[in-house]
Amino acid sequence: MPEQYLATGRRKKAIARVFLRPGTGKFTINGRDIEEYFGLDTLKIIAKQPLTLTSLTEKFDVVVNVRGGGYTGQAGAIKHGLARALTMSDPTLRPEIKKAGYLTRDSRMIERKKYGLKKARKAPQFSKR
């Protein structure tokens, strides 16, 4: 069994490299603690979902390098990478993680802006006269 597992997670423009190491449950993102990095509790919960599902929160230390996108996209990318790393660490967890939908990359992206419109779908105000 290797000392650590590396997996990549993606969501929108965010890319997260997740290192999973046997430890005490420390969660570090870009050199900062998860509590310090994410201001919202919901983002912390999203990022930790695969660990919570498998009840392995206290068994592993997680070190993440994440870049691109906003905080929500980054939290989703961390969740995806963490789920992949957990399946590498223990293949028997795969069915449970897959059933929860954490291994599927969320393919939703921002729709492109179209000409004649202000945004992807927002049109200029219409006036008959």
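**Strands**

I began with β2 and strand β5 (residues 60–67) in this predicted model. The two strands run antiparallel and are joined by eight bridges. I looked up P22 in this pairing and found F60 of β5 as its bridge partner.

I then turned to the other pairing of β2. Strand β2 covers residues 14–22, and strand β1 covers residues 5–11. I noted seven bridges between β1 and β2, again in the antiparallel sense. For L6 I found the bridge partner F19, which belongs to β2.

I also checked the turn of this hairpin. Two residues lie between β1 and β2. K12 has a positive phi there, near 50°.

**Helix α3**

I looked up α3 next and found that this helix spans residues 71–89, 19 residues in total. From first C-alpha to last I read 27 Å, close to the 27 Å expected at 1.5 Å a residue. How many residues of α3 are buried? I found 14 of the 19, and I wrote the helix down as mostly covered.

**Salt bridges**

I listed the salt bridges and the count came to seven. I looked at three of the pairs in detail.

The first entry is D106 with R11, where the closest N and O atoms are 3.4 Å apart. D106 lies in the segment after α4 (94–100) and R11 lies in strand β1, so this pair ties together parts that are 95 residues apart in sequence. I checked how each partner is covered. R11 has a relative accessible area of 15% and is buried, because the cut-off for buried is under 20%. D106 is at 24% relative accessibility, so I put D106 down as partly exposed. I followed the pair further and found R108 linked with R11 and D106 in a network of salt bridges.

The second entry is E35 with K44, at 3.1 Å from N to O. Is K44 buried or exposed? I found K44 buried, with a relative accessible area of 10%. E35 has 46% and is partly exposed.

The third entry is R32 with E36, whose closest N and O atoms are 3.5 Å apart. R32 counts as partly exposed at 33% relative accessibility. E36 is at 52%, so E36 counts as exposed, the cut-off being over 50%.

**Largest pocket**

I looked up the largest pocket last and noted a volume of about 210 Å³. The lining has 13 residues. Which of them are closest to the centre of the pocket? I found R11, G76, K79, T104 and D106. R11 and D106 in this set are the partners of the 3.4 Å salt bridge entered above.

I sorted the lining by class. I counted six charged, five polar and two nonpolar residues.

I then asked which element gives the most to the lining. The entry is α3, with four residues. I also noted that β1 and α3 each supply at least two residues.

**Cross-check**

I went back over the entries that share R11. R11 is a buried residue, forms a salt bridge with D106, and is listed among the residues closest to the centre of the largest pocket. I did the same for α3. This helix has 14 of its 19 residues buried, and α3 also supplies four residues to the pocket lining.

Terms used. Residues numbered from 1 in each chain as written. Predicted model: local features only at pLDDT ≥ 70, side-chain atom pairs only at ≥ 80, totals over all residues. Heavy atoms only, no water. Expected span 1.5 Å × (residues − 1). Buried < 20%, exposed > 50% of the residue type's maximum accessible area, 1.4 Å probe, protein only. Pairing = 2+ DSSP bridges. Salt bridge = Lys/Arg side-chain N within 4 Å of Asp/Glu carboxyl O. 1 Å grid on protein atoms, 1.4 Å probe; cavity = no way out; pocket = protein on both sides within 12 Å on 5 of 7 lines; lining within 4 Å. Points joined across faces, edges and corners; volume = space filled by probe spheres on them. Nonpolar A, V, L, I, M, F, W, Y, C, P; charged D, E, K, R; others polar.
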